[in-house]
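Here are some notes to read beside the model. Please keep the sequence and the 3D view open as you go through the points.

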Amino acid sequence: MITLCREAHKRLDVIDVMQLLNGQKNLSGMDMRGLTLSDIDFSSASLYHAQLDNTNMKSIVAHKANFRGASMRGADLTGADLSGADLRDCDLTNANLSRSNLTGAQMGGAKLKNVCAEGVTLKEADLCHAT
């Protein structure tokens with residue numbers, strides 16, 4: 001029961017996300033599954049171990065954002081700018097990264113099964129141990 005209460009408390013809506021981004025930019029461990037977060041600037045934000053499954057993150061800007069260990073299964077990141085982002089150990093299974101910019105992104109240990117990566121930019125991206 002305590003675990004369920006903690007999970008319910010950490011569940012955010014889009015307004016909560018925007019308020020947190022305007023403040024401390026710390027969304028670590030937050031549950032944002034299924035939200036529409038398109039066109040939001042997540043630059044330098046911490047989304048460490050965040051739950052982002054099935055989110056619409058089209059055209060987000062996330063320069064140097066920390067997504068390490070985040071679950072992003074089925075997320076739509078079409079046209080996202082993730083340059084310099086930390087995506088190590090992320091689960092991107094079934095995600096759409098079409099036309100995304102991953103220049104200089106750290107993606108070691110990321111799960112990339114069934115990812116759509118048409119037109120993605122991977123210049124200087126580190127994909128070491130990604131599967």
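**Notes on the predicted model**

1. Start with Ser 59. At 35% relative accessibility, Ser 59 is partly exposed, because partly exposed covers the range between 20% and 50%. The model is predicted. Ser 59 sits in the segment after α2. Its backbone deserves a look: phi is positive, about 60°, although Ser 59 is not a glycine. Most residues other than glycine have a negative phi.

2. Ser 44 belongs beside that point. Its phi is also positive, near 60°, and Ser 44 is a residue other than glycine. Ser 44 lies in the segment after α2, where α2 spans 14-22. Is Ser 44 buried or exposed? Its relative accessibility is 55%, so Ser 44 counts as exposed.

3. Next, the overall confidence. Mean pLDDT for the protein is 88, and 82% of the residues reach 70 or more. Residues 1-9 are another matter: their pLDDT is below 50. Beyond near neighbours in sequence, that stretch has zero contacts in the model. Where pLDDT is low, the predicted coordinates should not be read in detail.

4. The secondary structure is quickly listed. The protein has two helices and zero strands. Many of the residues discussed here are placed by reference to α2. Ser 38 is in the segment after α2, and Asp 86 is in the segment after α2.

5. Burial and surface come next. The protein has 131 residues, of which 40% count as buried. About 6800 Å² is exposed. Carbon and sulfur atoms supply 49% of that area. As for sequence range, take contacts between residues at least 6 apart: 1% of them join residues at least 24 apart.

6. Now the nonpolar core. Which residues of the largest nonpolar core touch the most other members? They are Phe 42, Leu 52, Phe 67, Met 72 and Leu 87, out of 31 residues. In soluble globular proteins, nonpolar side chains tend to be buried together.

7. Met 72 is worth a closer view. Leaving out residues up to four places away in sequence, its contacts include Leu 52, Phe 67 and Leu 87. Met 57, Leu 77, Leu 92 and Ala 95 are also among them. So are Cys 90 and Thr 93, and the list takes in Asp 53 and Asp 91 as well.

8. Thr 93 gives the view from the other side. Thr 93 is in the segment after α2. Its relative accessibility is 8%, so Thr 93 counts as buried. Beyond four places in sequence, Thr 93 touches Met 72, Arg 73, Gly 74, Lys 111 and Lys 113. Ser 71 is 22 residues away in sequence, yet its C-alpha lies 8.8 Å from that of Thr 93.

9. Check the cysteines. How many disulfides does the structure hold? Zero. A disulfide is a covalent bond between the sulfur atoms of two cysteines. Cys 90 is buried, at 1% relative accessibility. Cys 128 is partly exposed, with a relative accessible area of 42%.

10. Ser 43 has a polar partner. A polar contact of 2.7 Å joins its side chain to that of Asp 41. Ser 43 is in the segment after α2. At 13% relative accessibility, Ser 43 counts as buried, because the cut-off for buried is under 20%. Setting aside neighbours within four places in sequence, Ser 43 is in contact with Lys 25, Val 61, Ala 62 and His 63.

11. Asp 86 carries a charged-type name, so what is its accessibility? It is 11%, and Asp 86 therefore counts as buried. Outside four places in sequence, Asp 86 touches Ala 65, Asn 66, Phe 67, Arg 68 and Gln 106. Phe 67 in that list is also one of the core residues that touch the most other members.

12. Finish at Ser 38. Its relative accessibility is 25%, so Ser 38 counts as partly exposed. Ser 38 touches Asn 56, Met 57, Lys 58 and Ile 60, not counting residues up to four places away in sequence. Met 57 also appears among the contacts of Met 72. The C-alpha atoms of Ser 38 and Leu 77 are 8.5 Å apart in space, while the two residues are 39 apart in sequence.

Definitions and conventions. Residues are numbered from 1 along each chain as its sequence is written. This is a predicted model: local features need pLDDT of at least 70, side-chain atom pairs count only at pLDDT 80 or more; totals for chains, interfaces and linings use all residues. Side-chain values use heavy atoms; hydrogens and water are left out. A disulfide is a pair of cysteine sulfur atoms within 2.5 Å. Buried means under 20% relative accessible area, exposed over 50%, partly exposed in between (1.4 Å probe, protein chains only). Helices (H or I, at least four residues) and strands (E, at least two) are DSSP runs, numbered from the N terminus. Contact means heavy atoms within 4.5 Å. Accessible areas come from the Shrake-Rupley method with a 1.4 Å probe; for residues, only the protein chains shown count as cover. A nonpolar core is a set of buried Ala, Val, Leu, Ile, Met, Phe, Trp, Tyr and Cys residues joined through side-chain atoms within 4.5 Å. pLDDT is the predictor's confidence in each residue, from 0 to 100. A polar contact is a pair of N or O atoms within 3.5 Å; within protein, one must be able to donate a hydrogen and the other to accept it, and residues adjacent in sequence count only if both atoms are side-chain atoms.
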